[in-house]
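Hi there,

Here is the structure I promised to pass on. Please have a look at it first, and then read on for what turned up.

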Amino acid sequence: MTDPKCTDSCQQDDLIPDDDLRTSLRRTVVLVALLNLAYFFIEGGVAVAIGSVSLFADSVDFFEDFAVNSLIALALGWSLHRRAIAGKVMALIILLPALAAIWQAVTKFSNPEPPEVLSLVLTAGGAVVVNMICVWLLARWRSHGGSMTTAAFLAARNDVIANVAIIAMGVLTWYTRSGWPDIVLGLVIVLLNVTAAREVWEVAENEKLAAKALAGENVDPCCGD
């Protein structure tokens, strides 16, 4: 019996049958990947220079988005089964910034010095602009490509939320002269990425069920086997 929840995934494989549409999607994700790679170096450099946990975690998000979108460009045209595997790989990639943020936060527990506020706010503002462009570019493709484009859209969306939060945290840091708001926000970014990873994993599981259904296999909706 096929899981009704995988209906969307079953249909998504037919949403980009046209080579021109597939090429257009590939161009979009390549552009998004390059934008993220460029700002990864900018934000990461500033984060290290001013000692910001949240900005460092966000810079790793940019590298994560570069990796995810690069993988999408390679995986377009793959079967549902192979795309499901790629989706699970992306879910694990999304967890990388979480590990980086935890590591940075732990190293600052003993000496929570506040980061330099002006550089933090300006850099986070630039990140908002870059991520809003990426969200806009990916929005029309969110329902195409299954877990792959879901991964890219969720990553960009979460980055916008994190960037705005970093700016607000910068104001709080200036007011309190404490490094703890920066550390706490870094851990919040961890939660955002764990949530996104879970959502992408679930979509990939649905694609796995869809691939089995199309192959004529019996699918148990309870366990996905």
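Let me begin with a question: does phenylalanine 109 count as buried, partly exposed or exposed? Phenylalanine 109 counts as partly exposed, because its relative accessibility is 39%; buried means under 20% relative accessible area, exposed over 50%, and partly exposed in between, with a 1.4 Å probe and protein chains only. This residue lies in the loop between helix H5 (96-108) and H6. Not counting residues up to four places away in sequence, phenylalanine 109 touches Trp180 and Ile183, where contact means heavy atoms within 4.5 Å. Its C-alpha atom is separated by 9.3 Å from that of glycine 179, and the two residues are 70 apart along the chain.

Two notes before the rest. This is a predicted model, in which local features need pLDDT of at least 70 and side-chain atom pairs count only at pLDDT 80 or more, while totals for chains, interfaces and linings use all residues. Residues are numbered from 1 along each chain as its sequence is written, and side-chain values use heavy atoms, with hydrogens and water left out.

Now the overall picture. The protein chain has eight helices and zero strands, and along the sequence its pattern reads α-α-α-α-α-α-α-α. Helices (H or I, at least four residues) and strands (E, at least two) are DSSP runs, numbered from the N terminus. The chain has 225 residues, of which 50% count as buried. Among contacts between residues at least 6 apart in sequence, 82% join residues at least 24 apart. The accessible surface comes to about 10,500 Å², and 68% of it belongs to carbon and sulfur atoms; these areas come from the Shrake-Rupley method with a 1.4 Å probe, and for residues only the protein chains shown count as cover.

Next, the interior. The largest nonpolar core has 31 residues, and those with the most contacts inside it are Val29, Val68, Ile72, Met90, Leu138 and Val200. Helices H2 (19-50), H3 (53-75), H4 (80-94), H6 (117-139), H7 (147-176) and H8 (180-214) are the elements that give two or more residues to this core. Apart from it lies another core, of 17 residues, among them Ala57, Ala98, Ala100 and Met169. A nonpolar core here is a set of buried Ala, Val, Leu, Ile, Met, Phe, Trp, Tyr and Cys residues joined through side-chain atoms within 4.5 Å. Leaving aside neighbours within four places in sequence, valine 29 is in contact with Asn69, Ile72, Ala73 and Leu138.

Two helices are worth a look. H2 has 32 residues and should span 46 Å at 1.5 Å a residue, which agrees with the 46 Å between its end C-alpha atoms; the expected span is 1.5 Å times one less than the number of residues. Its buried residues include Arg22, Val29, Asn36, Tyr39 and Glu43. Glycine 51, which follows H2, has a positive phi near 70 degrees. H4, with 15 residues, reaches 21 Å from its first C-alpha to its last, close to the 21 Å expected. Among the buried residues of H4 are Arg83, Lys88 and Met90.

Serine 59 is found in helix H3 and is buried, with a relative accessible area of 1%. Leaving aside neighbours within four places in sequence, serine 59 is in contact with Phe40, Glu43 and Gly44.

Isoleucine 189, in helix H8, is also buried, with a relative accessible area of 1%. Not counting residues up to four places away in sequence, isoleucine 189 touches Ser54, Ala57, Asp61, Ala162 and Ile166. The C-alpha atoms of isoleucine 189 and alanine 101 are separated by 7.6 Å, with their positions 88 residues apart along the chain.Isoleucine 189 also helps line the largest cavity, together with Asp61, Asn158, Asp159, Ala162, Leu192 and Asn193. H7 and H8 are the elements that give two or more residues to this lining. A cavity is a set of points on a 1 Å grid over the protein atoms alone where a 1.4 Å probe fits but cannot get out, and lining residues have an atom within 4 Å of a point.

One last residue: arginine 177 lies in the loop between H7 and H8 and counts as exposed, at 56% relative accessibility. Its phi is positive, near 55 degrees.

Best wishes

Notes
On a 1 Å grid over the protein atoms alone, a cavity is a set of points where a 1.4 Å probe fits but cannot get out, and a pocket is an open set with protein on both sides within 12 Å along at least five of seven lines; lining residues have an atom within 4 Å of a point.
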